[in-house]
Amino acid sequence: MINKSINSIFSSKMGLIYKMILFLLILAVVVGIIGFAIVAPVSKDLRAGITELGLGQKFGKYFVASITGEDVEAAREAFVEAVNKIDDVMSTWTGAVVGSVITIVILALIFSIFYFMSHYTISDIVKNFMSSNSDYGFGANYIANAKKSILFSVYYTFYSVVIYAVGFSIAVALGILISKWISILGTFVTILLALATLALRRSLTPFWIPAMVTLELNANQAFVKNFEQLKGRFWKTFGAYFMIFLVFTILFIVSSIVTVGVAGLFIFPAMWLYMQIRDMVSFYYINNMKYYIDEQTVVDPKKLYRDAILDEENFKL
């Protein structure tokens with residue numbers, strides 16, 4: 001029932017994907033221009049030294065070799081040697097390194113805060129559709145809810161940093177360790193653990209935003225409510241999100257190859273929208289709240305799906 005509802009609402013709100021792409025492009029361009037204007041002048045010589053190492057090219061050869069099994073050891077040694085030389089380059093330009101890193105970290109945090117604020121926006125738009133079949137614009141909703149969403153976004157940004165730091169570190173460390181024996185297995189372990197890290201971030205707080213937009217709770221109250229709702233549902237939620245990230249990652253890779261990267265631009269916002277809808281539908285379902293799945297149909301979670309959508313009252317607009 002939940003999956004059918006998610007798919008129906010996703011189909012009804014797919015127009016949001018274009019607005020999300022535009023939002024991401026504007027945010028990336030603005031932050032990128034600011035970052036380049038600050039970092040470029042102070043890191044010119046540093047970037048030249050790093051470029052000479054050919055890190056990207058050597059990593060690419062190592063990645064391909066890990067998959068094909070040909071000249072793996074030589075490719076790995078070349079990549080490791082290039083990585084080890086980074087310290088020599090950076091020690092020559094310590095001031096530029098420190099200034100660039102601090103700037104990049106600050107801008108990354110700012111980008112994340114504005115980005116996660118849009119999670120609230122998407123969820124609020126979906127909530128209005130589900131509860132009253134209303135339609136609100138992305139930009140207007142983002143601005144109108146900025147005061148409510150910014151505190152959540154600050155919390156969520158630092159929460160994500162902690163999850164990523166721990167999860168990705170474990171993924172890379174285990175991947176490198178295993179690749180010493182079986183290279184291709186180490187690569188797959190790293191990828192699977194990275195996907196598990198992404199799934200963990202989502203599955204620990206799936207009801208945080210839904211509690212805010214639906215129950216009008218503040219970020220702190222909704223955080224507590226999230227764990228009340230998550231009790232007994234974590235592993236099921238984690239498994240669902242792991243599969244979502246796995247499927248969308250495959251779709252991203254395949255579509256990017258087939259369309260030379262064009263279709264890949266739609267995959268990320270589509271996944272983002274799908275997950276926000278999933279959180280909202282799950283919250284409504286758990287709390288036995290009726291909701292629209294399209295312009296004419298209302299679902300009652302207290303009934304079986306067939307009875308819920310065939311009930312005559314559910315077709316009244």
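**Entry 1: second largest pocket**

I began with the second largest pocket of this predicted model, and found that helix 14 gives the largest share of its lining, five residues. I noted its volume as about 290 Å³, and I counted 14 lining residues, among which I2, K236, T237, R278 and S282 lie nearest the centre. When I asked which helices supply at least two residues each, I got helix 1 (2–12), helix 13 (234–258) and helix 14. Sorted by class, this lining came out as eight nonpolar, three polar and three charged residues.

**Entry 2: largest pocket**

I then turned to the largest pocket, for which I wrote down a volume of about 500 Å³. I found 17 residues in its lining, and those nearest the centre are F59, Y62, V172, I176 and T190. Helix 10 contributes the most here, with five residues, while at least two residues come from each of helix 4 (55–68), helix 5 (72–84), helix 9 and helix 10 (183–204). I recorded the lining of this largest pocket as 10 nonpolar, six polar and one charged.

**Entry 3: the cavity**

How many cavities of 30 Å³ or more does the structure hold? I found one, and I put the volume of the largest cavity at about 90 Å³. I listed its lining as H119, S123, F152, Y156, R202, T205, P206, W208, I209, P210, Q276 and D279. Two or more of these residues come from each of helix 7 (94–132), helix 9 (146–179), helix 11 (208–215) and helix 14, and the largest share, three residues, belongs to helix 11. By class I entered six nonpolar, four polar and two charged residues for the lining of this cavity.

**Entry 4: nonpolar core**

Last, I looked up the largest nonpolar core, which has 62 residues, and noted that I9, I122, M130, L273, I277 and Y291 touch the most other members. Which helix gives the most to this core? I found that helix 14 (residues 264–286) does, with 12 residues, and I marked that helix 14 also gives the largest share of the lining of the second largest pocket.

I followed L273 further, leaving aside residues up to four places away in sequence, and found that L273 touches F10, K13, M14, L16, I17, M20 and I122. Of these partners I underlined I122, which is itself among the core residues that touch the most other members.

Definitions and conventions
Residues numbered from 1 in each chain as written. Predicted model: local features only at pLDDT ≥ 70, side-chain atom pairs only at ≥ 80, totals over all residues. Heavy atoms only, no water. Core = buried A, V, L, I, M, F, W, Y, C linked by side-chain atoms within 4.5 Å. Buried < 20%, exposed > 50% of the residue type's maximum accessible area, 1.4 Å probe, protein only. Helix = DSSP H or I, 4+ residues; strand = E, 2+ residues; numbered from the N terminus. Contact = heavy atoms within 4.5 Å. 1 Å grid on protein atoms, 1.4 Å probe; cavity = no way out; pocket = protein on both sides within 12 Å on 5 of 7 lines; lining within 4 Å. Points joined across faces, edges and corners; volume = space filled by probe spheres on them. Nonpolar A, V, L, I, M, F, W, Y, C, P; charged D, E, K, R; others polar.
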